[in-house]
Structures are given as C-alpha cells and as structure tokens.
Amino acid sequence: MQFQQLVYFVAVAETRHFTRAAERVHVSQPSLSQQVRALEKELGAELFSRARGNIALTDAGEALLPLARRILADADTARQEVQELVRLRRGRVRLGATPSLCTGLLPEVLRAFHALYPGIRLLIEEGGSHDLVRELARGALDLALVVLPLPTPSPALTTVELLREDLVVVSSTAEPAPRRPVRIRDLEGRPMVMFRHGYDLRELTVAACRAEGFEPSFTVEGGEMDAVLGFVRAGLGVAVVPSMVARAGRDLRVTALAPPGLRRTIALAHRNDVAPPRAARELQRVLLQSLPGR
C-alpha cells in the first residue's frame, strides 16, 4: 500500500467522481484510476461500486476511509513538525519585558537560548506591563514578561505565573547603614529615587507607602532601572527594587524589607487567539527550565 494511493482513494471518496478527484490531486484521470485499482488489488477488495454515473463506497471502502484520513493527517502533522524544527535554524522571537527583568532575569535565559538556536534573532522590547500588554494585543510581540496583576486585565491574553520575587531596599554604601530589616514606614521622610510614571515598581512602592499613611519623598524621579541604580549609588536616595536586580548591582547596600514585605509576581503572557510561533515556544521552554525549582 502506497501513501499516494491513499491520497487518490480519499479524493475519489470525497468527490465521488474520478475526473474531479484527479483534478484535485493534479494527476491524470487514467493514472489515478490505475492507482486505485492497484490499491484494491493489494487489499483484495473493491473500494468503490462503479455503477453508471454513480460512484459509491463499498463496505470495504467505508471501513478504509477513516483509517486513510487518519494516516494522511498524521503524515501532515509529521511534515509540519519537521518543518517547524527546520525553521528553528532561522527566524525571530519578539519578546517584551520590563526593564528590571531585562537586567535581572533575561541575560542568562537568552544566553542559553542563543546557544541552542544561534540562527534565531531575538528582538527585545523594554516597557512597563501596560505598554507590553498593548503591544501583545496588536500583534507586535510574541511573548511578554509582565508583572501581575495587570494594570488592565485582558481576556485576550493568557498568562502563566513564573515566579514571585521579594523587593528590597538599596542604598549607597557611602551612606549610614539602615536598620535591618527596613519597614515601609521607615521610608517616611527618607530621600527616595523613584522610577518614571507607568513603571510597575513605582506604582507598587507608592501604594505601599500610602497604605502606611504617608507620601514618599522623591529627590530624583523619572528614570529607568539603570538610571535609578546609578542615582542610588551616587547617594541621592534609597530605592525599592527587585532582589534579583539588587544582587547583580555593584557598590550597593541591599537591605531586606520587614515582614510582610513587598513581593511581585512575574508572568509570561501571550495572545490566546494566536499560537506563538515554534521559536517563541522554545524560548518559553528554556525560560521555564531556568527558573529555580523547575
């Protein structure tokens, strides 16, 4: 039994016409009829009753049809999977991430991914969760690392929680060491370096201060992660940052927040109406494997 014979058989079964079936599979009608006859001879049974002007499946043909369709579908799936693997030799992944995650989490993940798939271009867009969700929704990104809960919940997105991370207080090593651990209320009246508007960490920190009954005092505000760390290093104030960023920072004093502290939840998001491309799914797999406890 040959694969092409099954293709011809299914075409005839679906069109109930040898000439139209031949046109569908782009072969001459005599060649198609010859291959169907050869299939019937090999199986030892007629698959079609060929009454004048009427082509109908025999009992043997009815039994073969679902099996033939399954074989052809499996072959098509196998072909697509192989083509997907071939495409991993080249292509691109468009990944969005908050600046703190670009600094703390992504470098090692992208290094591991690039080692596996050096032909895949990695296009990284930094932004706040609100901006990244908007870019995902309009199809400009394949995946995005965002902070939960999202500023505006979107039913069009699927989010997978990756990790929960403690926030810490960073200060200049030239400044007097703060009491350990620092309570949120201890930040009242202290000079603080603050991120720009729309930055997830800004919203979280300001909300925590207001929950303690005070407005934080900013000496400098409006920076991205690298700028904020530089301002802290220069002694312009303290800042609340993710622990993974603080660990990577140089010349900074890192102090834990007293219980219950502050935590943020990191998730991977993608559109739920469009499957991410194979390269993006592979990046997701590498990312998940890189996380502690996975």
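**Note on the cores and two helices**

1. The largest nonpolar core has 56 residues, and those with the most contacts inside it are Leu105, Leu145, Ile184, Leu187, Phe195, Met225 and Val241. A nonpolar core is here a set of buried Ala, Val, Leu, Ile, Met, Phe, Trp, Tyr and Cys residues joined through side-chain atoms within 4.5 Å, and buried means under 20% relative accessible area with a 1.4 Å probe, protein chains only. Strand 6 gives the most to this core, with six residues.

2. This is a predicted model, in which local features need pLDDT of at least 70 and side-chain atom pairs count only at pLDDT 80 or more, while totals for chains, interfaces and linings use all residues. Residues are numbered from 1 along each chain as its sequence is written, and side-chain values use heavy atoms, with hydrogens and water left out.

3. A second, separate core of 22 residues includes Ala11, Phe18, Ile55 and Leu72.

4. In helix 7 (residues 129-137), the buried residues are Ser129, Leu132, Val133, Glu135 and Leu136. Viewed down the axis of helix 7, they fall within an arc of 165°, so they line one face of the helix; the arc is that of the directions from the helix axis to the C-beta atoms. Among the elements that cover them are strand 3 (91-97), strand 6 (157-172) and helix 8 (200-211). Helices (H or I, at least four residues) and strands (E, at least two) are DSSP runs, numbered from the N terminus.

5. In helix 9 (residues 225-233), Met225, Val228, Leu229 and Val232 are buried, and they cover an arc of only 95° around the axis, which puts them on the same side of helix 9. Just after helix 9, Gly235 takes a positive phi of about 85°.

Technical notes:
Buried < 20%, exposed > 50% of the residue type's maximum accessible area, 1.4 Å probe, protein only. Contact = heavy atoms within 4.5 Å.
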